[in-house]
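User: Please take a close look at one part of this model, a pair of packed helices, and set that part in the context of its chain and of the partner chain.

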Amino acid sequence: MLLEIEDAHTGYGSIEVLHGISLHVDEGEIVTVLGPNGTGKTSLMRLLSGMLPLWSGRITFDGQELGRATPDKRARMGLCQLPEGRGIFQTLTVGENLDLGLATRRIPAGEVKATRDRVLDLFPELAGRLAEPASSLSGGQQQMLALGRALMSRPRLLLVDELSFGLAPRVVRDLFAVVSELRETGVTFLIVEQQAAALKVSDRTYILRGGRNVLTRDSTELLESDELAASYLR
Amino acid sequence: MLQTIVSGLESGSWFALLGLAIVVVMKAADVPNFAMAEMGLVATYVGISLAAAGVPFWIAVLATLITGAVIGVLIDIALMRRLSSYGHFPLLLMTIGLTLALNAVVGLIWGHDPRSFPAPWTGAAVQIGGGVAIGVSQIVSIIVGLIGAVAITAFFRTQVGAQMRAVAENRSTARLIGVSAGRLSAIAWAVGGFIAAVTVMLQAQSALVSTLSPASLIIYGFVAATMGGFTSLLGTFVGGLALGVIQQFVGAYISSAVQFSVALLVVFLVLILRPEGFTKGMVLRDV
């Protein structure tokens, strides 16, 4: 098991928003967490990245308890995040944004160039624009850049917060195609989404509601059944 | 006239360099460091003592620079890092406290008499016709100031520099993707201390420095940084040079008694005419 969350509680100030979430992600899997707005999906991401403290319960990553490890420490352990709203730095160039992924120092100096070439092969649209300001990119391209930057950090597990956020359906489809391509190269994903589109590429799906687990299924099974509509759209 | 300009560019280079040191620490570590000039003073006094003890000039210079960087790192690790979870205000107070403490330490060890750091070229001058002479030490200050500004700009283009700019733009996102704020802050303090050492050393190879001199230098440095909105390197550098020249002209044609007031008047005007530059700096602190 790469990531295991057991009965996690957290919140803001004195208000609890996650009331005992449990889930796990195995090496090489794509796992989706679905739920409408305000179900605690983003709080779950913040908990995993170390921006919210764990009130009670346990989170282990690669056999190590995460405890109070800071966000940058977790990223250096290989628990990397595609932040909500992409987190592209507008004052930096496309190339500089990409190279920020190297801040985790998980890639030996000798492999940097090969990794960058591989990322640019995945996103040829970025290759010709490395020297341009990141602010000149479209929303879809910025999401590619965010994904590319995360790959530059050689993640073990990539936490993705709303890959589809504010993007056209065609762009979302392309991005999910890249996600399943990446899984073949050994990257594990935990994707938090509002849109059920993510289910097509994922193995298992957790549905959250009101800060609690309500359902866990194989994604294909869920897509075929009417449970999704029943539990999610209710 | 020409001499006034050159003198202005000379002191302007010091203001610009110190302003740049302040901006570097501000960008990465998010603290307005009031102790910057004092850090440079301590380092420079170490160099002066070494030179006085017979250590060759360039080795004393190297020791001064290293001391400046080491002081920066020590301050960050021993003091700033412990306070960082309490917000900006304690950090700011700490730099003010450090200013007083470092100044007192210099006074205790070296006394309060003005000193200089004589370079092999100190006292030499270049005749440029018409009876006008320019001191070599003035030229050194101006050239080193330019080199420093170019070097700092180049530094912000490196990978570490880009990480600092990312932290300045959005601290929490930068941490999320694995940028270590602690490591960057230590580097920024080292760079800041290094530049502060360069600045005070430049001052001391041309003029006299003492425990009294950092007080005005830090104000001028902050005025330069203000002109760059605490973020723009070019704005800070040009602002520092302009401030030096303005100040020399005021001293030469009005009175040296109002030089200091003019610097504060400049801040006043910048804040009124170009508040967006300054506001940007304020937002940067809140992130």
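The reply below starts with the helix pair and then moves outward.

Analyst: The coordinates are those of a predicted model, and every value here is computed from them or taken from a record.

The helix pair

The part in question is the packing of H3(B), residues 57–83, against H4(B), residues 88–110. Two packed helices are described by the angle between their axes and the distance between the axes. For H3(B) and H4(B), the axes come within 9 Å and cross at roughly 145°. The handedness of the H3(B) and H4(B) crossing is right-handed. On the H3(B) side, the residues that make the contact are Ile75(B), Leu79(B), Met80(B) and Leu83(B). On the H4(B) side, they are Pro90(B), Leu91(B), Met94(B) and Leu98(B). Sorted by class, the contact between H3(B) and H4(B) consists of eight nonpolar residues, with no polar and no charged ones.

The chain around the pair

Chain B contains twelve helices and two strands. Their order along the sequence is α-α-α-α-β-β-α-α-α-α-α-α-α-α. With a radius of gyration of 19 Å, close to the 19 Å that the globule rule gives for 287 residues, chain B is as compact as a globular protein of that length. The C-alpha atoms of chain B occupy a box of roughly 60 × 45 × 35 Å along the principal axes. Half of the chain, 50% of its 287 residues, counts as buried. Of the contacts in chain B between residues at least 6 apart in sequence, 76% link residues at least 24 apart.

An unreviewed UniProt entry annotates "transmembrane region" over residues 12–29, 34–52, 91–112, 132–156, 176–197, 217–243 and 250–273 of chain B. Two of these stretches can be described from the model. Residues 12–29 of chain B are 100% helix and 0% strand, and the C-alpha atoms at the two ends are 25 Å apart. Residues 34–52 of chain B are 89% helix and 0% strand, with end C-alpha atoms 29 Å apart.

The side of chain B that touches chain A

Chain B puts 16 residues in contact with 23 residues of chain A. On chain B, helix H6 (159–169) and helix H7 (171–176) each supply at least two residues of the side that touches chain A. H6(B) gives the largest share of that side, six residues. By class, the residues of chain B on this side are six nonpolar, seven polar and three charged. The contact of H3(B) with H4(B), as noted, has eight nonpolar, no polar and no charged residues.

The partner chain

Chain A has nine helices and ten strands. Its radius of gyration is 17 Å, close to the 17 Å from the globule rule for 234 residues, so chain A is as compact as a globular protein of that length. The C-alpha trace of chain A spans about 45 × 40 × 30 Å along its principal axes. Buried residues account for 44% of the 234 residues in chain A. Among contacts in chain A with a separation of 6 or more, 70% are between residues 24 or more positions apart.

Individual residues of chain A

Three residues of chain A can be looked at one by one. Tyr206(A) belongs to strand S9 (residues 204–209) of chain A. Tyr206(A) has 24 other C-beta atoms within 10 Å, and because 20 or more is the threshold for burial, Tyr206(A) is buried. Leaving out residues up to four places away in sequence, Tyr206(A) touches Leu23(A), Val33(A), Asn213(A) and Thr216(A). Between the C-alpha atoms of Tyr206(A) and Glu111(A), 95 residues apart along the chain, the separation is 36 Å.

Asp7(A) lies in strand S1 (residues 3–12) of chain A. The phi angle of Asp7(A) is near 50°, a positive value in a residue other than glycine. Asp7(A) has 12 other C-beta atoms within 10 Å and is exposed.

Arg105(A) is placed in the loop between helix H3 (94–99) and helix H4 (112–122) of chain A. Phi of Arg105(A) is near 55°, again a positive value in a residue other than glycine. Arg105(A) has 14 C-beta neighbours inside 10 Å and counts as partly exposed.

Note on methods
Residues are numbered from 1 along each chain as its sequence is written. Chains are lettered from A and ligands numbered from 1 in the order in which they are written. This is a predicted model: local features need pLDDT of at least 70, side-chain atom pairs count only at pLDDT 80 or more; totals for chains, interfaces and linings use all residues. Axes are lines fitted to C-alpha atoms, for helices over the stretch in contact, and angles run from 0 to 180 degrees between N-to-C directions. Helices (H or I, at least four residues) and strands (E, at least two) are DSSP runs, numbered from the N terminus. A crossing is left-handed if the near helix is turned anticlockwise from the far one by less than a right angle, and right-handed if clockwise. Two residues are in contact if their C-beta atoms, placed from the backbone, lie within 7 Å. Ala, Val, Leu, Ile, Met, Phe, Trp, Tyr, Cys and Pro count as nonpolar, Asp, Glu, Lys and Arg as charged, and the others, Gly among them, as polar. The radius of gyration is taken over C-alpha atoms; the globule rule is 2.2 Å times the number of residues to the power 0.38. UniProt positions are given in the numbering used here, feature names are shortened, and annotations may be inferred rather than shown by experiment.
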